[in-house]
Number of protein chains: 2
Amino acid sequence: MDIKKLERLHPELKITYMKPEKRVGLTVVLTGYGKGKSSSALGMVLRACGHGMKVSIIQFMKGDIYTGEWDGIRKLDCDVELIPSGMGFCGIQGNPYSHPVHREAAQRAIKMAKEKIESGKYDLVVLDEINNALQLKLVDLEQVLELIRGKPHLMHLILTGRDAHPEIIDLADTVSEVKEIKHAYRKDIEPQPGIDY
Amino acid sequence: MDIKKLERLHPELKITYMKPEKRVGLTVVLTGYGKGKSSSALGMVLRACGHGMKVSIIQFMKGDIYTGEWDGIRKLDCDVELIPSGMGFCGIQGNPYSHPVHREAAQRAIKMAKEKIESGKYDLVVLDEINNALQLKLVDLEQVLELIRGKPHLMHLILTGRDAHPEIIDLADTVSEVKEIKHAYRKDIEPQPGIDY
């Protein structure tokens with residue numbers, strides 16, 4: 001940890017510590033077609049870890065292709081777990097698994113998510129790319145709505161993935177749509193480690 | 001680290017390790033008025049750390065109010081530093097510092113950013129909320145463009161903050177605009193730890 005510097009350029013500055021009068025567990029949805037949905041959820045995980053919170057991340061699509069956050073999370077000295085339960089994107093990019101196989105994996109994942117959320121043990125649960133899993137019919141709308149409605153009052157829940165269902169948006173407190181203005185792949189730049197995976 | 005689980009729901013799955021034929025350092029801009037710009041940059045930091053990259057984060061506006069990522073980054077067993085150089089948002093929310101004081105802090109920060117970027121030692125540099133610093137005239141457009149144009153070819157550079165300047169967008173490879181669909185504060189919910197700070 002000695003490699004870490006948290007220096008300030010103006011050490012005379014007084015730091016304010018915020019404390020909400022009323023603690024609330026938020027439901028946050030990150031949707032849209034631009035880059036920055038899963039990574040935003042991961043950034044909030046880092047923030048939550050700073051506050052000493054207990055976190056679970058369940059990835060619904062990722063699982064077949066290595067991505068840097070798997071080791072990033074391992075290197076985080078916090079009470080955080082990451083469970084890549086996906087088998088890649090069903091039906092695209094030469095993915096070899098059939099829809100029933102994808103659905104079976106997603107169904108195991110959503111049951112586990114339900115148990116974790118209902119346990120009351122977590123401060124933050126991330127359901128990464130669950131919107132995609134819903135759109136691909138790997139999970140059902142009612143299953144997702146039930147998770148949101150049934151979550152502990154103080155637990156934050158983050159749902160990511162393009163094409164968030166309107167009923168999920170209705171239930172959420174904070175919803176961002178990430179629009180693509182430009183993307184490197186349109187210049188035929190391959191996915192790059194540290195940014196794209 | 002034994003508290004960390006990285007279990008797979010289908011251990012029989014083969015994991016593919018991507019490796020781009022051509023490594024490129026990307027310039028990424030996260031802009032717009034919705035939630036998820038700084039947190040997305042932090043998520044990419046976590047990802048980069050997973051790849052063993054060396055990272056510097058310079059926060060241009062944050063510095064006066066505690067935010068969870070300060071301790072989150074400390075808990076990350078990686079070669080990463082976070083430097084909160086800001087004095088809060090100039091001119092709003094009862095911020096007590098004058099424009100010249102804010103500008104002096106931002107000028108120290110951008111000079112440090114330049115040295116770090118030009119050192120060639122970093123794989124990823126994040127200039128958090130530099131777009132706001134530019135709009136508030138705490139730094140100058142030419143200073144920011146010079147950083148982007150002069151960065152090492154393999155180094156990733158992430159710039160965040162609302163109202164990204166069109167010339168910055170022009171130089172970037174990947175640009176996302178985060179649109180607010182809903183935000184908890186509109187329901188009079190105060191900022192909550194782990195999500196908002």
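Let's start with A:Thr27, which sits in strand E1 of chain A, the run covering residues 27-31. Keep in mind as we go that this is a predicted model. Is A:Thr27 buried or exposed? It is buried, because its relative accessible area is 2%, and the cut-off for buried is under 20%.

Who are its partners? If we set aside neighbours within four places in sequence, A:Thr27 is in contact with A:Ile148, A:Lys151, A:Leu157 and A:Leu159. The list goes on with A:Leu171, A:Ala172, A:Asp173 and A:Thr174.

Now hop over to chain B, and to helix H5, residues 141-149. Which of its residues are buried? They are B:Leu141, B:Gln143, B:Val144, B:Leu145, B:Leu147 and B:Ile148. What do these buried residues pack against? Within chain B, they pack against three strands, namely E1 (27-31), E4 (124-128) and E5 (156-160). They also pack against helices H3 (99-119), H4 (130-135) and H6 (166-171) of chain B.

Next, how do the two chains relate? A turn of 180 degrees with a shift of 0.0 Å along the axis lays chain B on chain A, at an RMSD of 0.0 Å. The two copies are thus related as by a two-fold rotation axis. And 100% of the interface residues of chain B are also interface residues in chain A, so the copies meet through the same surface.

On to that interface, friends. The contact takes 103 residues from chain B and 103 residues from chain A. About 9,100 Å² is buried between the chains, with carbon and sulfur atoms giving 59% of it. On the chain B side, the residues that lose the most area to chain A are B:Leu6, B:Leu9 and B:Arg47, together 9% of what that side buries.

B:Arg47 comes up again, in a salt bridge with A:Glu69, where the closest N and O atoms are 2.8 Å apart. How many salt bridges are there between chain B and chain A? The count is four. Polar contacts across the interface come to 56 residue pairs, with both residues at pLDDT 80 or more.

Which elements of chain B give two or more residues to the side that touches chain A? They are strands E1, E3 (80-84), E5 and E6 (174-182), along with helices H1 (38-50), H2 (69-74), H3 and H6. H1 of chain B gives the most, with 11 residues. By class, that side of chain B has 48 nonpolar, 23 polar and 32 charged residues.

That's my tour; happy to take your questions!

Terms used
Residues are numbered from 1 along each chain as its sequence is written. Chains are lettered from A and ligands numbered from 1 in the order in which they are written. This is a predicted model: local features need pLDDT of at least 70, side-chain atom pairs count only at pLDDT 80 or more; totals for chains, interfaces and linings use all residues. Side-chain values use heavy atoms; hydrogens and water are left out. Copies are superposed by least squares on the C-alpha atoms of residues with pLDDT of at least 70 in both. Contact means heavy atoms within 4.5 Å. Helices (H or I, at least four residues) and strands (E, at least two) are DSSP runs, numbered from the N terminus. Buried means under 20% relative accessible area, exposed over 50%, partly exposed in between (1.4 Å probe, protein chains only). Buried area is the accessible area (1.4 Å probe) that two parts lose on being put together, summed over both. A salt bridge is a side-chain nitrogen of Lys or Arg within 4 Å of a carboxyl oxygen of Asp or Glu. A polar contact is a pair of N or O atoms within 3.5 Å; within protein, one must be able to donate a hydrogen and the other to accept it, and residues adjacent in sequence count only if both atoms are side-chain atoms. Ala, Val, Leu, Ile, Met, Phe, Trp, Tyr, Cys and Pro count as nonpolar, Asp, Glu, Lys and Arg as charged, and the others, Gly among them, as polar.
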